[in-house]
Amino acid sequence: MAPVAARAARLLTGRAAVLPALACGGLMALGQAPWNLWYVALAGLVLSMALFALQRRPRAALAIGCGVGTGYFGLALNWLTEPFQVDAAVTAWMAPFALLFMAAGLALFWGLAFWGAVQAPRARLFALVVSWALAELARGYLFTGFPWGLVGYLWEPTGAIQWVAWTGSFGLTLVTLAFAALLARGLCGAWQAGALGLVLVLGLLVGGAQMVPPLQDLGGRPVVRLVQPNAPQTQKWDRAYIPIFFERQVEFTAAPAQDGLPRPELIVWPETAVPRLLENAEGELRVITDAALPGRVVLGIQRSEGYDYFNSLALVTQGPNVEAVYDKHHLVPFGEYMPFKELFRHINVSGIAARAEGGYSAGPGPQLLDLGGEMGYALPLICYEAVFPQDLRGAPRPELLLQITNDAWFGNFSGPYQHLAQARIRAIEQGLPMLRAANTGVSAVIDGAGRVLKSLPLGEAGFIDTRLPPPLRVTLYSRTGDLPLLGLLAVLMLLAFRPALHKSRRNSD
């Protein structure tokens with residue numbers, strides 16, 4: 001058996017291991033929506049770590065890490081090609097390059113983690129756990145951040161996702177990597193470590209399921225309505241279709257309440273739902289607020305201020321009166337603004353989503369929206385902002401999260417469902433309900449335990465009425481954020497590489 005194992009190890013080292021690494025990354029991606037095969041993703045993660053354990057050279061480990069990452073992000077982020085199909089005649093050729101460059105760029109974070117971990121003097125799997133978790137944290141913050149599809153999100157279809165209320169998503173990623181490393185050691189022959197890893201995974205699942213709070217009684221709570229016009233991106237700004245989608249939203253706003261509920265106190269339209277700049281939209285706002293009587297309306301709209309354009313959310317009441325405006329502050333690079341735009345102007349490349357010359361300007365940052373009465377304060381989020389756990393923390397604590405989005409950009413397969421999954425996770429992290437109004441879906445009312453209480457399917461026009469869930473517990477993560485995790489990872493990195501540091505110091509002396 002030993003010669004056979006040695007031969008297999010040789011076949012899975014160096015360049016020969018790159019294809020298996022890509023396959024492992026693809027298996028990991030199947031844990032993301034819409035597949036939700038968390039057990040397949042966990043197997044892919046364990047196999048990735050076992051593959052790493054066979055490597056001895058830093059260059060080989062770097063190739064394995066990049067291979068795993070490219071396979072993972074290449075499949076999980078397949079929706080990135082969708083925005084390029086909106087104006088296919090001009091931009092469709094860019095789609096495969098955009099996906100490839102994005103997958104390869106994100107994979108480099110993982111490749112560097114593998115490269116560093118293989119140089120640990122001992123306990124290299126432990127070093128990989130720490131460096132990989134640190135790479136995921138860096139991916140969420142550096143270069144404006146892109147924490148889409150974190151490793152810990154593989155638990156989203158299970159009760160184990162409830163642990164994010166304590167650890168946050170980055171913390172759950174660290175735990176997931178640690179348990180997978182134990183299972184990988186089991187594959188490599190240390191059966192005791194494998195058995196411990198299996199017990200801990202079962203504990204994570206069972207413990208998380210036990211943490212789900214019971215459903216709350218919503219009797220007497222304010223009634224809210226979410227409007228979903230289902231305007232395909234190819235038609236959304238077409239002059240022939242703009243009146244159709246606008247009238248559709250007005251009709252949904254004025255419709256009688258569902259399920260015997262009273263008229264809604266708050267009606268929410270999705271991102272960029274009004275086809276005029278805010279300063280020129282008095283007529284449209286009057287029509288909207290008259291249809292909403294006696295409720296108030298939150299809607300997505302663009303506005304300008306001098307030469308700056310903003311992707312905004314407005315709270316409007318009868319009059320029409322604009323009571324509050326929130327400007328999106330965490331913008332999408334290459335979509336809502338162009339980094340290095342002088343460079344790209346020379347090669348005739350422009351942003352895909354930006355409608356104004358030069359793209360949008362960023363707002364000043366997170367702020368609370370006073371919805372009045374029992375609804376209290378909401379933290380507004382526009383589309384992409386719900387992807388960032390760090391953007392949802394602050395004081396004072398709101399009573400709900402309010403996301404408006406236009407997921408028509410993401411197609412109708414994986415992107416909208418992954419975005420919805422992350423909205424659920426944000427609600428669990430904060431212990432707060434979320435109202436999510438999406439142009440093409442999925443619009444949803446989510447409680448503070450991440451349960452979708454009511455929703456509208458993807459690609460369907462309509463509206464939903466429901467009572468607003470109250471806030472749940474104040475979670476540990478909502479108080480601490482990611483700073484304790486960063487401190488823990490710093491300590492663990494010192495433990496993993498301390499012998500190497502001592503050896504380097506002795507050699508220098």
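Here are a few exercises on this predicted model, each with a worked solution.

Residues are numbered from 1 along each chain as its sequence is written. Local features need pLDDT of at least 70, side-chain atom pairs count only at pLDDT 80 or more, and totals for chains, interfaces and linings use all residues, while side-chain values use heavy atoms, with hydrogens and water left out.

**Exercise 1: the overall build**

Work out how many helices and strands the protein chain has, and how its radius of gyration fits the globule rule.

Solution. Start with the elements: there are 16 helices and 12 strands, where helices (H or I, at least four residues) and strands (E, at least two) are DSSP runs, numbered from the N terminus. Next, take the radius of gyration over C-alpha atoms; the rule is 2.2 Å times the number of residues to the power 0.38. The chain comes out at 24 Å, close to the 23 Å that the rule gives for 509 residues, so it is as compact as a globular protein of that length. Along the principal axes, the C-alpha atoms fill a box of roughly 80 × 55 × 45 Å.

**Exercise 2: inside the chain**

Find what share of the residues is buried, and which residues have the most contacts inside the largest nonpolar core.

Solution. First, the cut-offs: buried means under 20% relative accessible area, exposed over 50%, and partly exposed in between (1.4 Å probe, protein chains only). By that count, 54% of the 509 residues are buried. Now the core, meaning a set of buried Ala, Val, Leu, Ile, Met, Phe, Trp, Tyr and Cys residues joined through side-chain atoms within 4.5 Å. The largest one has 99 residues, and Met49, Trp132 and Trp155 have the most contacts inside it. Helix H8 (residues 164-187) gives the most to this core, with 11 residues. Apart from it lies another core of 21 residues, including Val274 and Phe463.

Zoom in on Trp155 last. Contact means heavy atoms within 4.5 Å. Leaving out residues up to four places away in sequence, Trp155 touches, among others, Trp38, Leu42, Leu172 and Val201. Over the whole chain, 70% of the contacts between residues at least 6 apart in sequence join residues at least 24 apart.

**Exercise 3: Pro58 and its partners**

Place Pro58 in its element and list what it touches.

Solution. Pro58 belongs to helix H4 (residues 58-76). With 29% relative accessibility, Pro58 counts as partly exposed. Skip residues up to four places away in sequence, and Pro58 touches Trp115, Val118 and Gln119. Take Val118: it sits 60 residues from Pro58 in sequence, yet their C-alpha atoms are 6.0 Å apart.

**Exercise 4: backbone oddities**

Which peptide bonds into Pro320 and Val442 are cis or trans, and what sign does phi have at Ala123 and Thr144?

Solution. Begin with the background: most residues other than glycine have a negative phi, and most peptide bonds are trans. The bond from Gly319 to Pro320 is cis, with omega near -5°, and Pro320 lies in the loop between strand S4 (308-317) and strand S5 (321-327). Gly441 and Val442 are also joined by a cis bond, with omega about 5°; Val442 is in the loop between strand S9 (434-438) and strand S10 (443-446).

Now phi. Ala123 has a positive value near 50° and lies in the loop between helix H6 (95-117) and helix H7 (124-141). Thr144 has a positive phi of about 75°, in the loop between H7 and H8. Ala123 is partly exposed at 47% relative accessibility, and Thr144 is partly exposed at 33%.
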